[in-house]
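Me: Please take a close look at the strand pairing in this model. Go through it pair by pair, and add what the side chains contribute where that can be said.

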Amino acid sequence: MGKKSKRTKSSATTTTAAAAPPSTEEETPRRPAPALRPVRDETAEETPDDLRMEDPFEDIYEDDDDDEIEYEDVYESSGDEDEDEDDVDYPRATTTTTTDEQQRPRLPPDNPKTTIKSWNPFLASNSASTPLEMDETAYKMHHALTPEWPSLSLDIVPDEHLGGNRTRFPHTVTMVVGSQADKRSSNKLTVLRMSDLCRIPGSGREKTEKELDDEMLGEEWKHDDDDDEEDSSDEDEEEDEDLDPVLEHYSFPHPTGGINRLRVCPHNRDIVACWGDNGTVSLYDIGGALDVLDRSSAGADRRGRHSSDPVRKMKKDPFFVYSGHATEGYAVDWSRVAPGRLATADCRGNIHVWDATHPVLPRDIAAEYEKKKKTTTTMHDPWSTSSFVVKPTYAAHGENLDNPSVEDLQWSPNEATVLASGECGGVVRIYDVRCPGKAMISNKIHGGGADVNVIAWNRLVSNLLATGGDDGAFSVWDLRHFQSTDPSKPPKPLARFHSHRTPITSLEWHPTDESMIAVSDDHGTYIYDLSIEEDDPDNDRVENDANGGGVEGEIPPQLLFVHSGSEMTKEVHWHPQIPSCVATTSLSGFSVFIPSNL
């Protein structure tokens with residue numbers, strides 16, 4: 001006999017279909033045949049002759065919405081079939097009804113409810129004090145450095161001995177930075193070399209075919225004939241993840257003031273141009289510092305430089321200082337077509353063009369000065385105060401005379417004489433240095449007069465120019481259609497993004513992917529892939545509103561990656577030899593990282 005319960009009596013009684021005739025003799029009541037039994041009323045009184053059996057598995061499949069039955073006791077049969085059923089004391093059951101509030105789960109008082117919010121960098125409500133937690137799965141590699149003084153500018157120094165397209169960890173990154181110290185005499189140009197930069201443990205490595213088979217088949221069928229080369233490679237990778245990063249640096253004094261912007265010569269990595277806040281442009285020879293770093297004990301063998309290789313003369317002071325500008329500036333750029341050609345511009349709209357007076361390429365320098373070596377360990381210094389000649393080529397002109405500051409310059413990637421400038425007042429101009437004194441093309445691309453802070457010329461597709469404004473909008477232009485037939489109407493961009501709520505501070509196209517671009521503003525660094533198209537064809541992202549507005553919080557589908565957490569990011573650069581490696585500088589320090597989705 002299974003589990004029983006005695007239910008509460010009800011006022012309703014059971015009706016029968018037929019009644020037996022009265023009898024004077026006491027007879028044992030006879031139960032009607034199954035076909036004649038009345039339909040059971042669930043509210044009728046339960047008697048020993050009419051017991052109600054319960055399904056022992058009923059509670060298992062009981063719906064959550066049913067009433068809860070709380071049993072006071074459980075009766076189990078002793079197996080004695082002669083037991084008088086009248087003497088059985090059936091347990092009583094109580095029925096309770098639960099409300100929605102009672103059914104709702106409650107958290108313990110010591111575990112308060114927590115809310116996890118996703119970070120939207122394009123909300124105007126964001127502030128620099130908002131705490132952020134880094135998601136390590138978003139990076140293959142991430143390293144940060146906090147210097148003594150912040151830097152407004154940095155540039156990547158290519159490695160001569162490690163080669164290009166480096167994908168194997170650990171990585172080595174060399175760059176130059178310029179300080180913004182509290183005292184003029186404390187400023188300096190610093191060469192930083194960060195080596196043994198390992199990836200984040202567990203990221204970036206795909207499982208081999210053997211590992212996938214072992215995971216699917218289990219330990220019983222695991223491969224016994226492991227390849228020695230694969231094992232040694234895996235062990236090396238695990239050892240690489242345990243390495244500590246190494247920082248080496250060498251500084252050159254810049255006592256005349258802070259460094260607004262600096263650029264490394266693409267044809268000779270030894271030459272660095274620095275725009276100072278005192279209105280002078282200085283050229284430094286960092287070749288000796290690079291030789292010392294190459295010979296350092298931290299990584300001399302890996303970098304392929306032998307200790308017996310000659311070391312060039314170390315010069316701490318700049319070999320060329322130009323003070324021909326009327327005031328300070330920020331715009332500076334080396335030509336990638338004409339070796340040794342440099343352009344600088346100041347805040348009064350003056351553009352000066354520099355040209356080298358002797359060979360700039362290292363192989364040409366070595367051939368010319370082969371006979372001038374004094375010893376086997378020291379080479380003759382080719383750079384001097386007469387190494388460059390500077391010509392004032394353009395002055396402020398046009399309709400932008402009230403605020404003619406030139407904020408950025410970019411040489412054409414395939415023409416030695418073509419130069420682009422981004423200026424205050426929303427003006428972009430295209431120059432040809434063979435025609436001094438006037439611009440070939442001039443357009444006011446921002447109707448509201450927002451300044452053009454930065455420009456970037458695509459090195460793979462030479463007709464694409466990107467501009468970033470003080471209104472938080474950045475645009476991509478096709479220079480084949482940049483000349484507008486109606487001077488009152490600006491040209492239409494190929495793409496314009498309004499999501500940024502703070503000024504654009506830096507732009508740079510990917511060195512090997514023509515559609516990818518890195519953008520920075522005060523809140524972080526963003527990587528876009530412009531080849532991604534809109535899902536909604538009716539949504540026209542190319543807007544021409546004069547104010548350069550945008551929908552707050554809108555995330556464009558072209559946005560691939562966001563690096564936040566830095567305070568007031570100023571510049572971003574791709575590493576030309578490490579695929580998808582990005583370096584940034586901000587008020588809070590430097591960051592070097594590789595996104596996991598690139």
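Reply: **Strand pairing and its surroundings**

In strand β11, the bridge partner of Leu283 is Phe320, and this is a convenient place to enter the model, which is a predicted one. Leu283 falls within β10, residues 281–285, and this strand is joined to β11 by 3 bridges, with the two running antiparallel. Both strands belong to an open sheet of 4 strands, ordered β8-β9-β10-β11 and paired in antiparallel fashion. At its edges stand β8, residues 259–264, and β11, residues 320–322, each of which pairs on one side only. Between neighbouring strands of this sheet the average turn is 20°, with direction ignored.

The edge strand β11 also leads into the aromatic part of the model. Its span of residues 320–322 includes Phe320 and Tyr322, both of which are members of a cluster that ring pairs build together with Phe319, Trp334, Trp354, Trp383 and Phe388. Across the whole structure there are 18 aromatic pairs.

Next come β16, β17 and β18. Strand β16, residues 406–411, is joined to β17 by 5 antiparallel bridges, and Val406 has Glu423 of β17 as its bridge partner. The connection from β16 to β17 is a hairpin that runs through 6 residues. On its way onward, β17 is joined to β18, residues 427–432, by 6 bridges, again with an antiparallel course, and here Leu419 finds its bridge partner in Tyr431 of β18. These two strands likewise form a hairpin, with 3 residues between them, and in that turn Gly425 has a positive phi of about 85°.

How many of the residues of β17 are buried? The count is 6 of 6 for this strand, which spans residues 418–423 and is mostly covered. Val418, Ala420 and Gly422 point one way from the strand, while Leu419, Ser421 and Glu423 point the other way, and the residues of both sets are buried. Glu423, the bridge partner of Val406, is thus also one of the buried residues of β17.

A further open sheet of 4 strands follows the order β3-β30-β29-β28, with antiparallel pairing. Because β3 (139–145) and β28 (569–574) stand at its edges with a single partner strand each, one side of each is left without a neighbour in the sheet. From one strand to the next, the twist averages 15°. The partner of β3 is β30, residues 589–595, and 6 bridges join the two in an antiparallel arrangement; among the bridged residues, Met141 has Ile594 of β30 as its partner.

At the other edge, Thr569 is part of β28, and its backbone oxygen is reached by the side chain of Thr505 at 3.0 Å. Thr505 itself is found in strand β24, residues 504–509, and counts as buried because its relative accessibility is 15%, below the 20% cut-off. With neighbours within four places in sequence set aside, Thr505 is in contact with Val454, Ser520, Asp521, Asp522, Thr569 and Lys570.

Finally, the cysteines: the structure holds 0 disulfides. Of Cys274 and Cys435, which one is buried and which one partly exposed? Cys274 counts as buried because its relative accessibility is 0%, whereas Cys435, at 32%, counts as partly exposed.

How values were computed. Residues numbered from 1 in each chain as written. Predicted model: local features only at pLDDT ≥ 70, side-chain atom pairs only at ≥ 80, totals over all residues. Heavy atoms only, no water. Pairing = 2+ DSSP bridges. Axes fitted to C-alpha atoms, helices over the stretch in contact; angles between N-to-C directions. Phe/Tyr/Trp six-rings, centres within 6.5 Å; stacked < 30°, edge-to-face > 60°. Disulfide = S-S within 2.5 Å. Buried < 20%, exposed > 50% of the residue type's maximum accessible area, 1.4 Å probe, protein only. Polar contact = N/O pair within 3.5 Å; in protein donor to acceptor, adjacent residues only side chain to side chain. Contact = heavy atoms within 4.5 Å.
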